[in-house]
Amino acid sequence: MTSHPEFGQTTTATEVAKAFSSQIRNKNVVITGVAPNSLGQAMALAIASQHPAKLILASRTKEKLEQVAQEIYNATPKAKEAGTIEIVALDLSSQRSVEQAAAQIAATVDTVDVLINNAGVMVLTPQRTAEGIELQFGTNYLGHFLFTLLLLRQLRNAAAKPGVVGGSTRVVNVTSAGHRLSPIRFHDYNIEGKEVPPEEQPPPGITAVYGKAGEYNGWLAYGQSKTANILFSVYLSQKLREKGIVSYATHPGSIWTNLSRHLDDKGTEIIAKTGTYWKSLDEGAATMLVAAFDPALNGTPPTPHIHIDCTVLYMLTPAEPPDPSDVYLSDCQFAQAASFALDVHAAERLYRLSEELVRRTFDLEG
């Protein structure tokens, strides 16, 4: 359970950041997918207001990153004075770009306390990454897989700092309720219309609305990528919790963002029917900040708050860590993901496939 059960659908990232100010202050935070008028910008503005040590903003376009940085400076002038903001060019559809971005961050900071994998694309026509992988799977998931594991040393260093509470080092993977469209199609991850076994097929009723897995189905490709984000959190928490690192996957809610810019009229109509309450960007960013900073998610939930000089302090007491499958949050609270997105065997299988696709192996046990 989170430490603020009153947080919900209309809670804003600004409110969450204020509530967890002491967890944000002096931390190094990395956010991907940062651009003007985006969830990434909303997260960055909220976090910057509570004085992190470093806030590293990563995205494809330097000019857009600079615009967001200026918005932060306008809202929080001390961020510029303190040299808080760093910008990093990152194209998640190119593994070479991912490697370069991770190397730049590693040269800037020795610790990463919180990594928020927020960037994403949604397309309905077949496109590929630089390495020939289906674009949504390759960008939304695989690029973040590589980026995260290339920053594993910095995450481990953060978790090993003296006085750091185990579980306060976090990897947040932004997913979507759209994960329910498809499990991982291990026999057809490039969505080429290949035959797959029953457990890899869309849930009943999905194809009636979103179409069959023919030559290419962008909806199923998107759903697969978002399932992968959750399975990645399942795997990371299983393997890294003992090292003090946990991972959560978050559904921001129904929000009109640049993610839908590639949809045609029919696609836009389908998306419009998926939400009953459409959030602002500040509301949409709230769940990610709960996943990133709520001390109750450490595995050591807080006892009643103490107020000293208007600052909320949390008294932490030992507790049993949550089930590693409890990784999915929506509307600032834990929620139930599709069972195929919580399958530990699928998480292991996806991890091994991902290592093959990035042509690297990583030692999570070390």
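**Exercise 1.** In which sort of crossing, left-handed or right-handed, does H7 pass H10? Describe how the two helices are arranged.

*Solution.* The structure is a predicted model.

Step 1. The crossing of H7 past H10 is right-handed.

Step 2. Helix H7 covers residues 135-150 and helix H10 residues 218-240; their axes come within 7 Å and cross at roughly 20 degrees.

Step 3. Angles under 35 degrees count as roughly parallel, and H7 and H10 are therefore roughly parallel to each other.

Step 4. The contact involves residues of H7, including Phe 137, Tyr 141 and Phe 145, and residues of H10, including Ala 221, Tyr 222 and Phe 232. By class, the residues of this contact comprise 9 nonpolar, 8 polar and 1 charged.

**Exercise 2.** Determine how H7 and H8 are oriented to each other.

*Solution.*

Step 1. Helix H8 spans residues 152-159; the axes of H7 and H8 lie 4 Å apart, at an angle of about 50 degrees.

Step 2. The two helices are therefore oblique to each other.

Step 3. In H7, Thr 148, Leu 149 and Leu 150 meet Leu 152, Gln 154 and Leu 155 of H8. These contact residues divide into 4 nonpolar, 2 polar and no charged.

**Exercise 3.** State which strands form the edges of the sheet, and place H7 on the sheet.

*Solution.*

Step 1. The open sheet has 8 strands in the order S3-S2-S1-S4-S5-S6-S9-S10, with mixed pairing.

Step 2. Strand S3 (85-89) and strand S10 (333-334) are the edge strands, each pairing on one side only.

Step 3. Strands S1 (residues 28-32) and S4 (residues 114-117) run parallel and are joined by 3 bridges. H7 packs on the sheet and touches S1, S4 and strand S5 (169-174), its direction making about 170 degrees with that of S4.

Conventions. Residues numbered from 1 in each chain as written. Predicted model: local features only at pLDDT ≥ 70, side-chain atom pairs only at ≥ 80, totals over all residues. Heavy atoms only, no water. Axes fitted to C-alpha atoms, helices over the stretch in contact; angles between N-to-C directions. Parallel < 35°, antiparallel > 145°, perpendicular 65-115°, else oblique. Left-handed = near helix turned anticlockwise from the far one by under 90°. Contact = heavy atoms within 4.5 Å. Nonpolar A, V, L, I, M, F, W, Y, C, P; charged D, E, K, R; others polar. Pairing = 2+ DSSP bridges.
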